[in-house]
Amino acid sequence: MIDNGAKSPVVERYPILGGISSPADVKRLPLDALPALCAEIRKYLVEVLSETPGHLAAGLGVVELTVALHYVYDTPEDKLVWDVGHQSYPHKLLTGRRPAFHTLRQWGGLGGFTHPEESPYDAFISGHASNSISAALGLAVSEELSGTPKHVVAIIGDGAMTGGLAYEGLNNASSQPNNLLIVLNDNHISIDPIQGGLSHALVDLTTNKTYNDVRNFGYRGLKKLHIMNETRRQNLQRLHNSVKALITDQQNMFDSFSIRYFGPTDGHDVIGLVEKLKTIKDFKGPKLLHIKTEKGKGYRPAEDDAVVWHAPGKFNPETGERKVAPCLPDSPQKFQDVFGQTLLELAQEDERVLGITPAMISGSSFGYMQSVFPDRVFDVGIAEGHAVTFSAGLALGGKLPFCNIYSSFLQRGYDEVIHDVAMQKAPVILCLDRAGLVGNDGATHQGVYDIAYLRTVPGLTLMSPIDEKELRLMMYTAYRHVGEIGPTVIRFPRGKGSEGHWRVPFEELPLFKSEVLKEGTEICVISYGPVGDCTRKVIAEMDAGTADKVGHINLRFVKPLDEDLLLSLPGKYKALLTVEDGSLAGGMGSALLELFSDRGMVLPVVRLGVGDEFIPHGDVGVQKAYTGIDKAGISAAIKDLLGKVQA
């Protein structure tokens, strides 16, 4: 199914949505047409995403909110900041991107998150969680300072309120002149909402025009009498919040931040949302509207299991049957599943073994261990820095924590890695899932920087497996020696490996030693991580005369380096080719160049990896071809280097 524009058969089946090319078209609709528009958006999302995989459940949950926001606010002059961007699919449909929606998350197509370069309606990049309040506050204060204030709305939800940055933004919001609106999309995250009929009456009261006219009249009167300053304003806000708390016999955390709170209210009542947004739109000062939504709303399979339907892949929209390829017993397993099953085995052997993850129980395959040892697996929410420091505390308390964090998300815990883990030599095993190029999630999720940003930290051991069998053995090696060698990092990619028979008996790998896969006579290829398996296949497929000239080393450890082996190479080979699924700047190839330079050795080194650019979304195969680390690119680089050394 492809939507090529307003005259396509698909759009003809969506009479309201098909007539919308910008939010101005939404605003021209009568209010009573909005529920029908919401129904069409839901149906369209399910139909397109069933064949063009993406994030489904989150977008279904914010359809009414998205329509209401574009109906009330004048975007793009007014700014909407989405947190996280996988909520933004309905927003993309209403802002001129419906005809290209079938290109979602594909190379050259629409991104899966918001990005200002994609559309003027996208106010901020939204690939990582918890940044919306800080970003929106900056935009709002900027408007105030410019003297042309526009409305700015931060939409935060889907677990993003567990991130520390969200609270830093909340803490600062009331200390700056601004009219920021924060919409808290509460889809069953851990916030204690006000319940019961009286709470709904309170929402109606606090958003009632007469009530607020009286409230603001009193405020202006006190200000004219010169007895209202900023301190008294905040005290008055606290008094107002206290009165609400007294009426409802409950209070919420936002009162403590001096932010006007409205809610909770039904996030699936589009007409009610429009009325409330219109009422509070011009209220002065920071404010928060708390809405209750259901992730996956309107599509029963997604309502029943929002975790699975967060990003379900291809599926039958009529039956809800997911099109999942069967996994045969001897076929390659996903690296994360090998991690999860191996961790369970280690936990069964040693009660000190614990699992820690920042909100990635299913993504990192902690379910295997959680089902057997639920009290030894800790999901700390979207809080990577806390996950790292929490792990350090566990380790210094005598436990053996395996802290699994996506490579791109560990960037938000870098300070904690240095100060709380490495500096204290805490025996933490950091497992970096989704390392390397990740595919359709794109630039915000590429795990290509961890080699460079961790290689500079004293005391860390950094290793990466060539296949899933070696991942299992690295986990066991780290388990046996982390107390001796200190904090250890194991990086591995997303998706399936290449080794069907991975469940081998536990065996320790030689510490800090590489594996010589093949000897050669002219050049040597040094690979780090699973890209080495691709390299191994390239060399195996070369004709014998060429292959004999090429050596191949599986580096295994990038810190510390296997200096004995590496320093012997200048006497054996004419040049080296390094291959890594990571940033060239500061990466594995850079480490070798530094080693040779420090020892006064001269040996030509050609490096393959990710250059000085952000790699956009698309299939991993396309990304690897673009960066030259697929089979064709590696083969061409080997042949080119051989030609140069033989010239």
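How many bridges join β1 to β2, and do the two strands run parallel or antiparallel? In this predicted model, five bridges join β1 to β2, and the two strands run parallel. Within this pairing, L80 stands opposite V153 in β2. On to β3, β2 is again joined by five bridges, and this pair also runs parallel, with G157 of β2 standing opposite N185 in β3. Between these two strands the chain passes through α8, and the resulting β-α-β crossover from β2 to β3 is right-handed.

The surroundings of β2 deserve a closer look. Six of the six residues of β2 are buried, so this strand is largely enclosed by the rest of the structure. In a regular strand, side chains alternate between the two faces of the sheet. In β2, V152, A154 and I156 point one way, while V153, I155 and G157 point the other way, and all of these residues are buried.

Helix α7 belongs to the same part of the picture, since what covers its buried residues includes β1 (79-83), β2 (152-157), α8 (164-173) and β3 (181-186). The helix comprises 15 residues, 132-146, and it reaches 21 Å from its first C-alpha to its last, close to the 21 Å expected at 1.5 Å a residue. Its buried residues are S132, I133, A135, A136, L137, A140, V141 and E143. After the helix comes G147, whose phi is positive, near 80 degrees.

Some places in the backbone call for separate attention. Most residues other than glycine have a negative phi, and most peptide bonds are trans. D158, in the loop between β2 and α8, has a positive phi of about 55 degrees although it is not a glycine. With a relative accessible area of 14%, D158 is buried. F512 also has a positive phi, near 65 degrees, and is likewise a residue other than glycine; it lies in the loop between β11 (488-491) and β12. F512 counts as partly exposed, at 24% relative accessibility.

Turning to the peptide bonds, a cis bond joins D83 and V84, with omega at about -10 degrees, and V84 lies in the loop between β1 and α6 (89-94). Another cis peptide bond leads from G263 to P264, where omega is near 0 degrees, and P264 has its place in strand β4, which covers residues 260-266.

Further along the chain there is an open sheet of five strands, in the order β12-β14-β13-β16-β17 and with mixed pairing. Its edge strands, each of which pairs on one side only, are β12 (515-518) and β17 (605-610). From one strand to the next, the twist averages 20 degrees. Strands β13, residues 523-528, and β14, residues 550-554, pair in the parallel sense over five bridges, and the bridge partner of S527 in β14 is N554. Helix α21, made up of residues 531-540, lies across β12, β13, β14 and β16 (575-583), and runs at about 160 degrees to β14.

Terms used:
Residues are numbered from 1 along each chain as its sequence is written. This is a predicted model: local features need pLDDT of at least 70, side-chain atom pairs count only at pLDDT 80 or more; totals for chains, interfaces and linings use all residues. Side-chain values use heavy atoms; hydrogens and water are left out. Helices (H or I, at least four residues) and strands (E, at least two) are DSSP runs, numbered from the N terminus. The expected span of a helix is 1.5 Å times one less than its number of residues. Buried means under 20% relative accessible area, exposed over 50%, partly exposed in between (1.4 Å probe, protein chains only). Contact means heavy atoms within 4.5 Å. Two strands pair if DSSP finds at least two bridges between them. Axes are lines fitted to C-alpha atoms, for helices over the stretch in contact, and angles run from 0 to 180 degrees between N-to-C directions. A crossover is right-handed if, with the strands pointing away from the viewer, the path from the first strand over the helix to the second runs clockwise.
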